[in-house]
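Biologist: Got a minute to walk me through this one? I'd like to start with how the chains meet.

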Amino acid sequence: MRYDLAVIGAGPAGMAAAGAAARGGLRVALIDGAPRLGGQFHRQPPPGAGPPSQDFLRLRDRLTRADLHLGRRVWAVEPGFSVHHDGGTLTAERLLIATGAHDRVLPFPGWDLPGVLTAGGAQALLKGNLVVAGRRIVVAGTGPFLLPVATGLAAAGARVAGVFEASHRLGALARHPARAVQGAGYGLRLARHRVPYHRGQAVVAAHGDDALTGVTVADIDRDWRVLGTREIACDTLAVGYGFTPQLDLAVQLGCATTRDPDGTPVVAVDAGQRTSVPGVYAAGETTGVGGAELAELEGLAAACAVLGTPLPERLARRRDRAREFARLLHEVFPVRDGWRTWLRDDTLVCRCEEVPYRDIEDARDLGATDARSIKLLARPGMGWCQGRMCGYAVARLAGEDPPPPRRPIAQPITLQDLAAHPRRSPDVP
Amino acid sequence: MSGFEIVFSGRPIPVTPGQTIGAALHAAGIRSWRTTRVNGRPRGLFCGIGVCFDCLLTVNGESGVRACLRVAAPGDEVTPS
Amino acid sequence: MPDVVVIGAGVVGAACALYAARAGLGVTVVDQGTVAGGTTGAGEGNVLVSDKEPGPELDLALLSSGLWAGLAADVGGFEHEPKGGLVVAETPEAMTALTGLAAKQESSGVRAAGVEPQDYEPHITSGLAGAVYYPQDAQVQPMLAAARLLRASGAQVRTGVRVTGLTRSGDRITGVRTDEGDLRAGAVVNAAGTWAGDVAALAGIRLPVLPRRGFILVTEPLPEPLIRHKVYTAAYVTNVASEDEGLETSAVVEGTPAGTVLIGASRERVGYDRTVSYPVLARLAAQAVALFPALAGRQVIRAYCGFRPYCPDHLPVIGPDPRAPGLFHATGHEGAGIGLAPATGLLISRLLTGAAPPLDLFPFRPERFA
């Protein structure tokens with residue numbers, strides 16, 4: 001069966017879009033690699049282990065007419081459109097890419113020790129598995145996401161030794177009263193659990209032999225260079241420096257990209273979430289990191305565009321405000337290049353291929369002038385994760401913003417499954 | 001629904017239904033289950049959402065499984081990859 | 001003013017720079033992209049004698065194979081693996097042809113031996129008609145090789161510099177015009193790979209070098225080496241030499257020091273189109289699994305394509321261009337550029353210094369297409 005719309009990604013953008021499009025009378029497929037709906041933001045506890053959130057139920061209950069294809073990892077999309085996943089191929093007239101984002105990470109000495117998790121990883125353990133990541137936890141990095149992570153861990157019984165926010169200038173957020181109130185709410189919850197919140201500080205090293213036993217926290221200047229340090233004992237570090245949108249599928253289809261205010265590549269879309277490729281839409285973090293509310297509104301906007309109905313004025317205004325706030329967050333929580341001074345010669349930059357900083361410098365010395373040639377000479381980004389973890393760091397070490405990812409294989413696929421792929425692409429209408 | 005067990009290198013690990021293998025191991029205090037190819041260093045969960053591939057292990061003979069994504073099933077035999 | 005400007009910082013340009021420098025010449029290398037950023041950066045690093053019919057290209061390959069071993073010793077740092085190649089035949093007919101080819105190659109100085117495939121590759125499929133083992137086949141990490149040769153040459157390397165023209169004095173080429181100014185030199189070497197035809201055109205010369213696209217699959221890093229040699233099916237030899245415009249694939253499988261397995265090879269003449277052809281990837285996967293069933297459950301983590309610079313007669317272009325004195329070509333090596341680079345560089349350096357080349361260059365002469 002050929003769908004009118006295939007939505008890839010069942011987070012807030014994908015769920016909202018699939019629900020609205022299906023209720024508008026279209027045949028809709030909603031596909032996600034996870035076995036449960038929700039994506040990262042609306043990640044639900046194991047079935048029966050607790051009540052789903054109201055926001056999640058609101059989105060889920062609108063999906064009754066959409067076909068759900070859960071636990072299906074999409075490894076490639078082709079014009080026409082064919083969506084190839086690990087269980088086969090489905091086809092659709094139009095495509096919405098709502099594949100979300102993952103934590104952006106920076107390398108630092110010891111970041112490969114067990115016990116160091118991304119902030120999103122700690123959150124996924126807690127929300128999706130009811131597992132508290134550790135007993136004594138440090139939360140560090142930059143961005144508003146650190147707050148729910150820290151308060152969630154503290155409320156679940158962990159001792160959160162501190163939140164270390166690298167950014168100095170949070171005052172600008174006061175311009176948005178509603179958001180400031182939300183921030184103050186987190187502040188109250190941190191205070192209730194006696195979690196200290198520090199600005200202008202960062203975890204610059206992790207310690208331990210075979211597992212994390214502590215971290216070095218530094219006061220950093222505005223370019224993130226170390227001013228002074230102290231050690232904090234902990235068994236777990238949850239660290240994240242914002243998010244990297246997952247653009248693989250959009251790039252496969254040749255969708256034009258642009259950049260977030262901080263240089264991150266994102267899919268370029270118009271007001272109807274249309275990409276440069278006719279029939280392909282993008283919504284949520286793939287078009288710029290902006291959070292769940294914006295993602296949902298963009299999903300609705302995409303559904304309206306596909307249905308040919310206008311997005312209600314009220315929603316359009318909300319979307320514009322959410323976008324404006326997202327832009328502000330990019331300004332308030334930038335990543336500064338001073339993290340490069342945290343690296344030692346033997347600090348791994350690429351975790352998969354175990355490429356130390358020294359090898360990156362050697363590659364540059366051998367004539368590698370950009371991220372791609374560094375990769376060709378020193379192998380960062382050549383391993384299992386294909387540069388998803390180290391891509392940002394390698395690009396910045398090369399002095400450039402990360403290029404849009406070119407990954408014709410968006411998820412690993414076994415040779416036998418690839419061999420079984422239809423030798424001829426479905427006909428393009 | 002009550003819990004069940006999986007087996008990690010001969011050791012029983014309790015699982016709450018719906019948990020991933022990675023979450024169950026982590027909750028049982030097992031923080032690493034793989035050693036790296038070059039330096040032989042321990043690895044376990046890092047990104048926790050299927051992106052970094054640090055948490056690979058072998059489940060019932062199937063290698064290269066992301067522990068953070070695979071929902072545990074009763075009786076799963078899990079070994080380092 | 002340098003004695004020589006080499007256009008192209010791929011492996012062929014790097015080898016030209018190295019041997020020219022060793023001959024005492026001052027060298028500047030320019031490239032529109034980065035070091036090893038073109039076809040070199042998309043190659044597997046083949047240093048093969050096994051896939052060539054007796055003739056001028058095989059002579060070049062034999063010379064090169066020895067030079068690579070020497071460079072590994074005195075330059076080093078690029079994973080030179082003298083692991084040998086195993087060519088397998090699926091049918092008795094293919095085996096007869098393969099044995100016949102091996103006999104001819106042996107009379108040209110190639111070492112070859114008929115073997116039982118499983119004695120060399122324990123995981124290879126059973127039921128093959130036979131195999132020939134070629135101990136001289138080797139592999140290098142091509143990007144590192146190019147970078148190390150360039151470094152060892154001591155040449156001035158200018159990347160991100162595009163050649164926009166050639167400067168002349170009368171007929172004679174006296175240097176290159178670039179987007180960063182003119183660069184005068186005693187001689188110009190066109191080692192621009194697939195783009196060499198465009199460089200030649202700047203001198204008003206027709207040089208039919210065209211791109212032939214190939215895809216490569218890369219597997220997950222395997223904990224234990226599964227494949228020890230470079231292994232390919234006899235069909236590869238016919239495909240390499242084929243005149244066919246359409247898609248051709250044959251199984252070429254090998255392990256790397258990083259633990260990954262590289263799977264090729266496809267050949268298509270589609271210009272510089274980088275659109276991924278999933279049916280081609282599927283064919284490569286099917287052929288690799290047919291050859292090594294143990295690969296079936298292994299994951300592919302990456303696929304990429306590159307463009308081989310080929311000439312209509314499948315021979316490289318090496319030598320001075322009589323139509324533009326001062327201009328030398330070192331290009332058109334198709335899929336064998338990594339392997340043939342040192343010999344090409346050595347020949348060019350001999351020509352630049354007026355010394356006698358160790359091989360007859362007539363079959364490689366640039367004006368042969370005119």
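Modeller: Sure, and keep in mind that this is a predicted model. Let's take chains A and B to begin with: 43 residues of chain A are in contact with 30 residues of chain B.

Biologist: How much area is buried between chain A and chain B?

Modeller: About 2,800 Å², and carbon and sulfur atoms give 57% of that.

Biologist: And how many salt bridges are there between chain A and chain B?

Modeller: The count is three salt bridges. One of them pairs the side chains of D54(B) and R351(A), with 2.5 Å from N to O. Polar contacts come to 19 residue pairs across the interface of chain A and chain B, counting pairs with both residues at pLDDT 80 or more.

Biologist: Which elements of chain A supply at least two residues each to the side that touches chain B?

Modeller: Those are β7 (101-103), β8 (116-118) and α3 (119-129) of chain A. The largest share comes from α3(A), with six residues. If you sort the side of chain A that touches chain B by class, you get 20 nonpolar, twelve polar and eleven charged residues.

Biologist: OK, switching partners. How many residues does the contact between chain A and chain C take from each?

Modeller: Chain A puts in 36 residues and chain C puts in 39. Between them, chain A and chain C bury about 3,200 Å², with 63% of it on carbon and sulfur atoms.

Biologist: Why do you keep quoting buried area?

Modeller: Because the size of an interface is often given as the accessible area lost when the parts come together.

Biologist: Fair enough. How many salt bridges does the count give between chain A and chain C?

Modeller: One salt bridge. In it, the side chain of D365(A) meets that of R151(C), at 3.4 Å from N to O. The rule also finds eight residue pairs in polar contact across the interface of chain A and chain C, again with both residues at pLDDT 80 or more.

Biologist: What parts of chain A are on the side that touches chain C?

Modeller: At least two residues each come from β4 (74-78), α10 (371-378), β22 (413-414) and α12 (415-420) of chain A. By class, that side of chain A divides into 16 nonpolar, eleven polar and nine charged residues.

Biologist: What's the salt bridge count over all chains?

Modeller: It comes to 39. For an example inside chain A, the side chains of E93(A) and R2(A) meet in a salt bridge at 2.8 Å, N to O. That pair links distant parts of the chain, with E93(A) in strand β6 (residues 88-97) and R2(A) in strand β1 (residues 2-8), 91 residues apart.

Biologist: New topic, helix packing. How do α2 and α9 of chain C cross?

Modeller: The axes of α2 (residues 56-74) and α9 (residues 337-353) of chain C come within 7 Å and cross at roughly 90°. That's why α2(C) counts as roughly perpendicular to α9(C).

Biologist: Which residues meet there?

Modeller: From α2(C), the residues include L60(C), L63(C), L67(C), W68(C) and L71(C). On the α9(C) side, I338(C), L340(C), P342(C), L346(C) and L347(C) are among them. The contact of α2(C) with α9(C) has 13 nonpolar, three polar and one charged residues.

Biologist: What about the backbone? Where are the cis peptide bonds you've got listed?

Modeller: One joins G80(A) and F81(A), with omega about 5°. F81(A) sits in the loop between β4 and β5 (82-85) of chain A. Another cis peptide bond joins G264(C) and A265(C), with omega about 0°, and A265(C) is in strand β16 (residues 261-267) of chain C.

Biologist: And what is phi of R194(A) near?

Modeller: Near 55°, a positive value in a residue other than glycine. You'll find R194(A) in the loop between α5 (177-192) and β11 (197-199) of chain A.

Technical notes:
Residues are numbered from 1 along each chain as its sequence is written. Chains are lettered from A and ligands numbered from 1 in the order in which they are written. This is a predicted model: local features need pLDDT of at least 70, side-chain atom pairs count only at pLDDT 80 or more; totals for chains, interfaces and linings use all residues. Side-chain values use heavy atoms; hydrogens and water are left out. Axes are lines fitted to C-alpha atoms, for helices over the stretch in contact, and angles run from 0 to 180 degrees between N-to-C directions. Helices (H or I, at least four residues) and strands (E, at least two) are DSSP runs, numbered from the N terminus. Angles under 35 degrees count as roughly parallel, over 145 as roughly antiparallel, 65 to 115 as roughly perpendicular and the rest as oblique. Contact means heavy atoms within 4.5 Å. Ala, Val, Leu, Ile, Met, Phe, Trp, Tyr, Cys and Pro count as nonpolar, Asp, Glu, Lys and Arg as charged, and the others, Gly among them, as polar. Buried area is the accessible area (1.4 Å probe) that two parts lose on being put together, summed over both. A salt bridge is a side-chain nitrogen of Lys or Arg within 4 Å of a carboxyl oxygen of Asp or Glu. A polar contact is a pair of N or O atoms within 3.5 Å; within protein, one must be able to donate a hydrogen and the other to accept it, and residues adjacent in sequence count only if both atoms are side-chain atoms.
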